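I opened this entry to record what I looked up, item by item. The structure comes before the notes.

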Amino acid sequence: MARLVAAVHVQHPETREWVVLEPGEEPAPELAVEITNPGAWESGVLPEPEDQAEDEGPPPFGFAPDESSEPEPEPEPDADPESAPTPQRRRKTATT
């Protein structure tokens, strides 16, 4: 297993608790997967996950599943621009 050269804070994937890992530690595989900065590792390379089970759990925050990555179609503009109501100007009230 790879060793850390920097202290890192990671969130445990199951308990969602924050864990502090110190330099020189060899983190458990479930925590090692959470450390994505290559500069934190002794070799400068991210370790390979032991199991390639990607479909477990929800996707990371901020990432949408592949199915919803298609843009929504834009609504079609009105075919007849004359049918749209014309905006009215506001009139100022008279001050006396």
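Which backbone nitrogen lies 3.1 Å from a polar atom of the side chain of His12? I looked it up in this predicted model and found the backbone nitrogen of Glu14.

**His12.** I placed His12 in the loop between β1 and β2. I then checked its cover: the relative accessibility is 16%, and the cut-off for buried is under 20%, so His12 counts as buried. Setting aside neighbours within four places in sequence, I listed the contacts of His12 as Glu17, Val19, Glu30 and Leu31.

**Arg16.** I went on to Arg16, in the loop between β1 (8-11) and β2. I noted a positive phi of about 65° for Arg16, which is not a glycine. I wrote this down because most residues other than glycine have a negative phi. For Arg16 I read a relative accessible area of 48%, so I entered this residue as partly exposed.

**Whole chain.** I counted one helix and two strands in the protein chain, in the order β-β-α along the sequence. Of the 96 residues, I found 12% buried. I noted an exposed area of about 9000 Å² for the chain, with 51% of it from carbon and sulfur atoms. Among contacts with a separation of 6 or more, I found that 29% join residues 24 or more positions apart.

**Confidence.** I read a mean pLDDT of 77 for the protein chain, with 64% of its residues at 70 or more. I compared helix and strands last: confidence is lowest in helix α1 (residues 29-32), at a mean of 89, and highest in strand β2 (residues 18-21), at 93.

Notes
Residues numbered from 1 in each chain as written. Predicted model: local features only at pLDDT ≥ 70, side-chain atom pairs only at ≥ 80, totals over all residues. Heavy atoms only, no water. pLDDT = per-residue confidence, 0-100. Helix = DSSP H or I, 4+ residues; strand = E, 2+ residues; numbered from the N terminus. Buried < 20%, exposed > 50% of the residue type's maximum accessible area, 1.4 Å probe, protein only. Polar contact = N/O pair within 3.5 Å; in protein donor to acceptor, adjacent residues only side chain to side chain. Contact = heavy atoms within 4.5 Å. Areas by Shrake-Rupley, 256 points an atom, 1.4 Å probe, with all protein chains shown as cover.
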